[in-house]
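The following exercises introduce a protein structure step by step. Please attempt each task before reading its solution.

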Amino acid sequence: MLKIAVCVSGGGTNLQAIIDGIKYEMITNTEISVVISNHLDAYALVRADDNKIPAVCISPDDYETREAFHEAFLEALDFYGVDLVVLAGFLVVLPPQIISKYKNRIINIHPSLIPSFCGKGYYGIKVHEAVLERGVKITGATVHFVDEGTDTGPIILQQAVKVEQGDTPERLQRRVMEEAEWKILPKAIHLIANGRVAVFDKTVMIEE
């Protein structure tokens, strides 16, 4: 059984997709050991409570130093016996020591087709604003392993989404979530949980 921590900063729609995926057996061999948020008022914590999933708030604001925050974060992962860390809209940069300890065991969902519209400054609605400003016709989402760079880790899955005429950033964001994020993040977890994902250097191999 793969024990996962789902880390969220906001509403937790991707968390809900994971919860539903486990409930309806689109994700197998997996349990959510803990939900971690850096915001006490994040609705993701309500979703966790409603589904009787352990949840904690670990915020950098509550610690005197960033190092103390990182230690508390690691202690939580250890306490809940986490095998895989899922960053599902978690707007906190993880330090090298956490990435190193959980090498190829941290995944992130990013709302674009990496390597487009990714890296420093590209997160949340800002990604969709940039997509519309650039005038591209196809966007989407990517699930990737986390390394020491920003959105530079090995790609696991991608799903394309068509940009429609008259899209606003909010409308596009919703469609990318519905048509891409909520599908490929649960699928990636399912594949990992069932031993069907392997990483060789920067290349991901998937057993179909």
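**Exercise 1. Strand pairing**

Determine how strand 1 and strand 4 are joined, and in which relative direction they run.

Solution. The structure is a predicted model. Strand 1 comprises residues 2-8, and four bridges connect this strand to strand 4. The two strands run parallel. Within this pairing, V6 has V86 of strand 4 as its bridge partner.

Next, consider strand 5. Three bridges join strand 4 to strand 5, and these strands also run parallel. Here the bridge partner of L87 is N108, in strand 5. Between the two strands, the chain passes through helix 4, and the resulting β-α-β crossover is right-handed.

**Exercise 2. The faces of strand 4**

Decide which residues of strand 4 lie on each side, and whether they are buried or exposed.

Solution. Begin with a general principle: side chains in a regular strand alternate between the two faces of the sheet. Strand 4 spans residues 84-87, with L84 and V86 on one side and V85 and L87 on the other. All four are buried, so that both faces of the strand are covered.

**Exercise 3. The cysteines**

Establish how many disulfides the structure contains, and examine C7 and C57.

Solution. A search of the whole structure finds zero disulfides. For C7, the nearest cysteine sulfur is that of C57, 12 Å away. A disulfide requires two cysteine sulfur atoms within 2.5 Å, and therefore this pair does not qualify. Turning to surroundings, C7 has a relative accessible area of 0% and is buried. C57, at 27%, is partly exposed.

**Exercise 4. The pockets**

Describe the largest pocket and the second largest pocket by volume, lining and residue class.

Solution. Start with the principle: rolling a probe the size of a water molecule over the atoms shows where empty space is left. The largest pocket has a volume of about 900 Å³. Its lining consists of 42 residues, of which G89, F90, L91, N108 and Y123 are the closest to the centre. Elements giving two or more residues to this lining include helix 1 (13-23), strand 6 (138-145) and helix 6 (169-193). By class, the lining has 18 nonpolar, 19 polar and five charged residues.

The second largest pocket has a volume of about 190 Å³. Of its 13 lining residues, K103, N104, D147, E148 and P154 are the closest to its centre. Helix 4 and strand 8 (197-200) are the elements that each give two or more residues to this lining. The lining divides into six nonpolar, two polar and five charged residues.

Notes: Residues numbered from 1 in each chain as written. Predicted model: local features only at pLDDT ≥ 70, side-chain atom pairs only at ≥ 80, totals over all residues. Heavy atoms only, no water. Buried < 20%, exposed > 50% of the residue type's maximum accessible area, 1.4 Å probe, protein only. 1 Å grid on protein atoms, 1.4 Å probe; cavity = no way out; pocket = protein on both sides within 12 Å on 5 of 7 lines; lining within 4 Å. Points joined across faces, edges and corners; volume = space filled by probe spheres on them. Nonpolar A, V, L, I, M, F, W, Y, C, P; charged D, E, K, R; others polar. Pairing = 2+ DSSP bridges. Right-handed = clockwise from strand over helix to strand, strands pointing away.
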